[in-house]
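Reader: I would like to learn how to read a few features of a model. Could we take them one at a time?

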Amino acid sequence: MNITETILTTVLITLILPVVFSLFWFFKLRSEKDISSDEVIRTRPPKILSGFFLGFGLIVLLGGIGMIVYSCITDSKNTTFGTVVMMSVFVALFSAIGFFAYAYYRFNYVVADTNGILVYRLFRKKRYYTYSKIGSFQDTTNLGMLGGLKGYDKNNSQIFAIEAVHIGVSAVAERLREKGISEIFKR
């Protein structure tokens with residue numbers, strides 16, 4: 001790779017990543033307009049983000065399997081064993097990353113009703129916290145995809161966290177404000 005290709009690749013990455021993240025954020029904001037604060041609020045990731053991670057995992061898995069099969073079929077001298085093993089490791093690693101990211105965003109969410117918040121976490125037991133058990137919260141959703149919403153108990157121990165990319169986070173924060181729970185602005 002020469003210097004021109006390196007510069008071109010760097011420029012493309014620095015232009016594409018913000019556009020992709022802005023697209024995720026746009027669809028999140030568009031979907032949040034339909035949420036009413038009078039009902040039960042369930043946070044969820046935008047469908048485009050779930051589709052991105054699931055699609056990434058599937059494309060890598062199926063494309064990798066296709067490349068491995070093609071490599072095995074076209075090799076008449078049986079010299080591809082090392083290549084097949086190396087490709088298999090990369091396919092397994094990157095498809096696992098895509099599938100785990102999908103599962104992480106899809107199955108980590110909260111449900112806020114009129115009495116409390118039910119927290120679902122991947123590989124953990126679901127927990128219910130009444131508003132009287134929640135001592136404070138920190139709302140950093142104004143930071144965009146880097147922010148989120150964190151809830152703390154009376155001993156200032158974190159009891160739940162929601163990423164800002166989830167749809168419904170601002171409605172949960174508003175519900176916490178309505179219930180009179182104190183907001184922490186810096187931690």
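Reader: In which sense do β3 and strand β4 pair, and over how many bridges?

Author: This is a predicted model. Here β3 and strand β4 (residues 127-130) pair in the antiparallel sense, over 4 bridges. One bridge to look at is that of L118, whose partner in β4 is Y128.

Reader: Which residue in the hairpin of β3 and β4 takes a positive phi?

Author: F123 does, with a phi near 65°; the hairpin has 6 residues between the strands.

Reader: Now the interior. Which residues of the largest nonpolar core touch the most other members?

Author: A nonpolar core is a set of buried residues joined through side-chain atoms within 4.5 Å. In this core, which has 19 residues, I117, I134, L149, F160, V172 and L176 touch the most other members. Two or more residues each come from β2 (109-112), β3 (116-120), β5 (134-139), β7 (158-163) and α4 (169-178). The largest share, 5 residues, comes from α4.

Reader: What is F160 in contact with, leaving aside its neighbours within four places in sequence?

Author: F160 is in contact with I117, V119, R121, I134, L149, K150, G151 and L176. Apart from the largest core lies another, of 5 residues, including L49, F53, A101 and V165.

Reader: And the surface: which residues make the nonpolar patch of about 680 Å²?

Author: I3, I7, L8, V11, L12, L15 and I16 make that patch. Of these, take L12, found in helix α1 (residues 3-32).

Reader: Why is L12 called partly exposed?

Author: Partly exposed lies between the cut-offs of under 20% for buried and over 50% for exposed. L12 is partly exposed because its relative accessible area is 43%.

How values were computed. Residues numbered from 1 in each chain as written. Predicted model: local features only at pLDDT ≥ 70, side-chain atom pairs only at ≥ 80, totals over all residues. Heavy atoms only, no water. Buried < 20%, exposed > 50% of the residue type's maximum accessible area, 1.4 Å probe, protein only. Contact = heavy atoms within 4.5 Å. Patch = residues over 30% accessible without salt bridge, like charges linked within 9 Å, V, L, I, M, F, W, Y side chains within 5 Å. Areas by Shrake-Rupley, 256 points an atom, 1.4 Å probe, with all protein chains shown as cover. Salt bridge = Lys/Arg side-chain N within 4 Å of Asp/Glu carboxyl O. Pairing = 2+ DSSP bridges.
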